[in-house]
Amino acid sequence: MASTQSILENVFGMLGIIFWSFQLLPQVIDNHKAKSTEGLSYSMFFIWVLCALGFGSYGIVENLSIPIIVQPQIFGSLSALCYLQCLHYGKQTRWSLRKTAVAGVLMFVVMAGIQVAAVYATRAGKDHQVKGTTEAAGIVPIILLAMGFVPQYIDIYRDRSVVGVSMAFIAADAGGAVFSIISLCFRETLDLLATLNYVVVLICDLIIVGLYVHYNKLNPSLARVRDTTDRCGAEYDVEKATVETESAVTAVVAHERIHSSADEEGLDKRLDQREQQTAPEHHRHHAFHMHGTTVPNHLYAKPVVVQSQRSLSSEDTVVTS
């Protein structure tokens, strides 16, 4: 009969595997619903694909349990899917659905080939008693997993906001790490390599949570606007600001024609100069204050407040005089 310690080890271990198998599913769903991957790092998901291949081959070579072998395959597949979503929805790439689908098929074929090659290479190293083969197969994926977070940290610091990252994904990832660590604590012999893996993941997740609280909750005014489009790709309404600006310019022209003693040529010249100054503000894509928020799910930046008609009139009066 299994001891209580063994039962608890298996229960928490199974919970950790379940959380870690589908932790990226909320991110995939959020990307699909928003039709955008704004704020997500392409490199993070690509590095995680390589990391999953390493974990998968390590589990096969070490002949671990079926759930532990299957978990990296699911994680790698979801990471690849997130990377393809970045290529399809990303503003810099905007790949067509057909091109993305073809790239996805090729990507999964290459992934399968790399994992098979890694399995045979690791087994060959063990058979020839090459020192450090097994340790390297287990440590390299851990390093890649931690490295995957670095590009996302850079994006968060640049935007001063956590944009696009699903907090449900982070919670599931951290939860899986916690359950796995608890499971290892009930083992008779502590697996240091596995424990290090889970601790690294937990720390990386907590860093994102800390940045989210700091930038998105406590200091949202620090966020920087990258574009005037939200995560759904819809542009913010700047037509109102444009109309108000044009109306103000028209009112200024009428005021000058009534009260100014300047000739017609001088008036047209000032009007052309004013239109040249205001035209870029009508059409530029970044018509938001620098200290507005980005386009995540929390706050939205306010459009640039157009100078009122009254202030424009007073300014022109000074110029005319």
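**Figure 1. The whole chain, helix after helix.** From the N terminus on, the elements of the protein chain run α-α-α-α-α-α-α-α-α-α-α. The model shown is predicted. The protein chain has 11 helices and zero strands. It contains 321 residues, and buried residues make up 43% of them. Now look at contacts between residues at least 6 apart in sequence: 79% of these join residues at least 24 apart. The chain exposes about 17900 Å². Carbon and sulfur atoms supply 64% of that exposed area.

**Figure 2. The largest nonpolar core.** This core holds 45 residues. Which of them touch the most other members? They are L24, F45, W48, M107, L145 and Y198. Six helices each supply at least two residues of the core: α3 (42–61), α4 (66–89), α5 (97–127), α6 (133–159), α7 (167–185) and α8 (192–218). Helix α3 gives the most, with nine residues. In soluble globular proteins, nonpolar side chains tend to be buried together.

**Figure 3. W48 and its neighbours.** Is W48 buried or exposed? W48 counts as buried, because its relative accessibility is 1% and the cut-off for buried is under 20%. What does W48 touch, leaving out residues up to four places away in sequence? The list is L24, F75, S79, L144, L145, G148, F149 and F169. Two of these neighbours, F149 and F169, return in the next two views.

**Figure 4. W48 meets F149.** A pair of aromatic rings is described by the distance of the centres and the angle of the planes. The count for this model comes to 10 aromatic pairs. W48 and F149 form an aromatic pair with 5.1 Å from centre to centre and 70° between the planes. That pair is edge-to-face. W48 lies in helix α3 and F149 in helix α6, so the pair ties together parts that are 101 residues apart in sequence. F149 is buried, with a relative accessible area of 0%.

**Figure 5. W48 meets F169.** Here the ring centres of W48 and F169 are 5.9 Å apart. Their planes stand at 65°, so this pair is edge-to-face. The pair links distant parts of the chain. W48 sits in helix α3 and F169 in helix α7, 121 residues apart. Both W48 and F169 are buried.

**Figure 6. One aromatic cluster.** Which residues form one aromatic cluster with W48? They are F45, F75, F149, Y153 and F169. F45 and W48 also appear among the core residues that touch the most other members.

**Figure 7. Two side chains over ring faces.** K99 lies over the face of W95, at 4.4 Å from the ring centre. R160 lies over the face of Y157. For R160, the distance from the ring centre is 4.1 Å.

**Figure 8. E9 and R187.** E9 lies in helix α1 (residues 4–21). E9 counts as buried, because its relative accessibility is 18% and buried means under 20%. The side chain of E9 makes a polar contact with the side chain of R187, at 3.3 Å. What else does E9 touch, not counting residues up to four places away in sequence? Besides R187, E9 touches S183 and F186.

Methods:
Residues numbered from 1 in each chain as written. Predicted model: local features only at pLDDT ≥ 70, side-chain atom pairs only at ≥ 80, totals over all residues. Heavy atoms only, no water. Helix = DSSP H or I, 4+ residues; strand = E, 2+ residues; numbered from the N terminus. Buried < 20%, exposed > 50% of the residue type's maximum accessible area, 1.4 Å probe, protein only. Contact = heavy atoms within 4.5 Å. Areas by Shrake-Rupley, 256 points an atom, 1.4 Å probe, with all protein chains shown as cover. Core = buried A, V, L, I, M, F, W, Y, C linked by side-chain atoms within 4.5 Å. Phe/Tyr/Trp six-rings, centres within 6.5 Å; stacked < 30°, edge-to-face > 60°. Lys NZ or Arg CZ within 6 Å of the ring centre and 35° of its normal. Polar contact = N/O pair within 3.5 Å; in protein donor to acceptor, adjacent residues only side chain to side chain.
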